[in-house]
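Let us go through a model together, with a learner asking how each kind of feature is read and a teacher answering.

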Amino acid sequence: MQLNNLANSVVSMAIVDKIEIFAPTVKPIVSLSNFTLEDEPLSLFYIEQDLSWQLGAKTIPLGKIRLYSSSNVVIDRLLLGFSLIAMTAVIKIMALAFLFLWRFKRFLGRPLQRLTSQVDEIQLDKIGQKRIDLWVEDNNELRHLQEQINLMLSKIEHDSQTMLKTEKEGRHLLEQEVELRTPELVKSNQQLEEMASIDYVTRIHHRRSFFEKAQILFDLTIRQRQPLCMLALDIGHFKLVNDTYGHSVGDLALGHFSQLIETLLRQSDLFGRVGGEEFGILLPDTDMSGAHHLAEKLCALIHDTPMIVDKDIIHMRVSIGLVECLQDEVEIATIFKRADTCLYRPKDKGRNRVEI
């Protein structure tokens with residue numbers, strides 16, 4: 001009975017699948033296993049130990065015991081060992097990961113987060129008032145990064161101040177230069193405008209400028225319902241002057257003629273050269289009587305003021321056609337054409353005349 005209880009206890013061990021106890025006559029007296037024939041292990045192996053009793057100097061054999069184990073036991077032990085190793089490894093990895101994340105957040109994550117938020121707060125126009133502080137006490141890479149960023153901010157501030165100073169000085173110099181150049185530019189613009197609208201020979205308005213300004217003056221006068229007269233002038237026998245004395249003297253004669261005419265004109269009157277020896281005068285706020293009186297005076301002035309060239313006296317004559325502008329007229333060119341038509345009648349009747 002005790003032997004059976006002992007055998008059951010041994011078979012219940014995890015590493016023992018079967019136990020056999022033999023008598024000295026090699027007859028099994030106990031045979032127990034923890035499996036049946038259906039689930040017998042693939043392979044069994046055993047260890048065997050002789051049983052004996054020592055009585056004084058005599059050894060009495062009692063039999064032998066045989067303990068069986070199987071590959072299933074070995075595999076289960078190995079799986080258990082690997083499972084324990086794997087669990088230990090997982091626990092260690094999790095502990096290391098937690099430790100790494102904790103240290104990363106403390107020593108790198110938080111400083112980087114502060115760096116990002118402080119960089120976002122930096123304003124270019126107030127860059128000199130901002131410095132990076134990562135709360136890093138250790139002398140590590142983050143502290144070096146903080147120092148380098150602050151050095152960069154200081155350099156940017158210095159460069160910005162230098163650039164602003166240079167730009168301010170340049171703007172001041174430019175303002176001084178503009179102030180100095182403005183009168184010259186105004187004068188140059190006036191000269192250019194004059195060159196664009198003035199006849200080179202006579203220094204009065206050329207044809208295009210005369211008609212453009214005359215149209216503006218005509219439109220204004222019509223709106224104000226004021227009188228307006230047009231004079232068409234032609235220098236008599238001017239071709240003879242060119243043929244006799246040359247074109248240079250002819251140009252002098254044109255200038256002499258224009259200067260004489262201008263002495264009798266008002267500042268509001270418009271005077272221009274519309275052809276070779278043809279001229280036009282627009283008289284705003286002047287009725288037919290006043291215009292006719294002026295035309296007679298012009299004829300007399302031209303007749304009484306000859307031009308002297310190399311002791312030669314050159315007498316000049318002028319024919320004038322005079323018309324008064326009508327309220328229903330629109331184009332100044334049409335008005336001048338009427339005056340120009342009148343001009344041919346004094347030519348037919350003799351020079352130095354006014355034809356209305």
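The dialogue below moves from the whole chain to its cores, sheet, helices, aromatic rings and loops.

Q: Before any detail, what kind of model is this, and how many helices and strands does the chain have?

A: This is a predicted model, and its local features are reported only where pLDDT is at least 70. The chain has 8 helices and 11 strands, and of its 356 residues 32% count as buried. About 24,100 Å² of the chain is exposed, with carbon and sulfur atoms supplying 59% of that area. Among contacts between residues at least 6 apart in sequence, 59% join residues at least 24 apart.

Q: Which residues of the largest nonpolar core touch the most other members, and which elements each supply at least two residues of this core?

A: The largest nonpolar core has 32 residues, and those touching the most other members are L231, L233, F257, I261, I281 and I320. At least two residues apiece come from the strands β5 (228–235), β7 (278–284), β8 (307–309) and β10 (318–324), and likewise from the helices α5 (238–245), α6 (247–263) and α7 (288–304). A second core of 19 residues is separate and includes F211, V274, V323 and C342.

Q: Taking L233 as one case, which residues does it touch, not counting those up to four places away in sequence?

A: The contacts of L233, counted in that way, include F257 and I261, then the run E277, E278, F279, G280 and I281, and further along the chain L298, V318, S319, I320 and L343. F257, I261, I281 and I320, all touched by L233, are themselves among the core residues that touch the most other members.

Q: What is the strand order of the open sheet, and which are its edge strands?

A: The open sheet has 5 strands in the order β6-β7-β5-β10-β11, with mixed pairing. Its edge strands, each of which pairs on one side only, are β6 (270–273) and β11 (354–355). Within the sheet, β5 and β7 run antiparallel and are joined by 7 bridges, and L231 stands opposite I281 in β7.

Q: How does the length of a helix compare with the span expected at 1.5 Å a residue, and which residues of α4 are buried?

A: For α4, whose 18 residues should span 26 Å at 1.5 Å a residue, the end C-alpha atoms are 26 Å apart, which agrees. For α6, with 17 residues, the reach from the first C-alpha to the last is 25 Å, close to the 24 Å expected. To read burial along a helix, one starts from the rule that an α-helix has 3.6 residues a turn, so residues three or four places apart point the same way. In α4 the buried residues are S209, F210, F211, A214, Q215, L217, F218, T221 and I222. In α6 they are V249, G250, A253, L254, G255, H256, F257, S258, L260 and I261.

Q: How is an aromatic pair described, and what do F211 and F336 form?

A: A pair of aromatic rings is described by the distance of the centres and the angle of the planes. The count here comes to 4 aromatic pairs. F211 and F336 form one that is edge-to-face, at 5.5 Å centre to centre and with 90° between the planes. Because F211 lies in helix α4 (residues 207–224) and F336 in helix α8 (residues 332–349), this pair ties together parts that are 125 residues apart in sequence. Both residues, F211 and F336, are buried, and together with F210 they form one aromatic cluster.

Q: Where are R203 and R225, and are they buried or exposed?

A: R203 is in the loop between α3 and α4, and R225 is in the loop between α4 and β5. Neither is a glycine, yet phi is positive at about 65° for R203 and at about 55° for R225. With 48% relative accessibility R203 counts as partly exposed, whereas R225, at 66%, counts as exposed.

Q: Which residues does H206 contact, and which does N352 touch?

A: H206, in the loop between α3 (141–197) and α4, counts as buried at 18% relative accessibility. Leaving aside neighbours within four places in sequence, H206 is in contact with A196, S197, I198, D199 and R273. N352, in the loop between α8 and β11, touches C299, H303, R317, V318 and S319, not counting residues up to four places away. N352 and S319 are 33 residues apart in sequence but 5.0 Å apart in space, C-alpha to C-alpha.

Technical notes: Residues numbered from 1 in each chain as written. Predicted model: local features only at pLDDT ≥ 70, side-chain atom pairs only at ≥ 80, totals over all residues. Heavy atoms only, no water. Core = buried A, V, L, I, M, F, W, Y, C linked by side-chain atoms within 4.5 Å. Buried < 20%, exposed > 50% of the residue type's maximum accessible area, 1.4 Å probe, protein only. Helix = DSSP H or I, 4+ residues; strand = E, 2+ residues; numbered from the N terminus. Contact = heavy atoms within 4.5 Å. Phe/Tyr/Trp six-rings, centres within 6.5 Å; stacked < 30°, edge-to-face > 60°. Expected span 1.5 Å × (residues − 1). Pairing = 2+ DSSP bridges. Areas by Shrake-Rupley, 256 points an atom, 1.4 Å probe, with all protein chains shown as cover.
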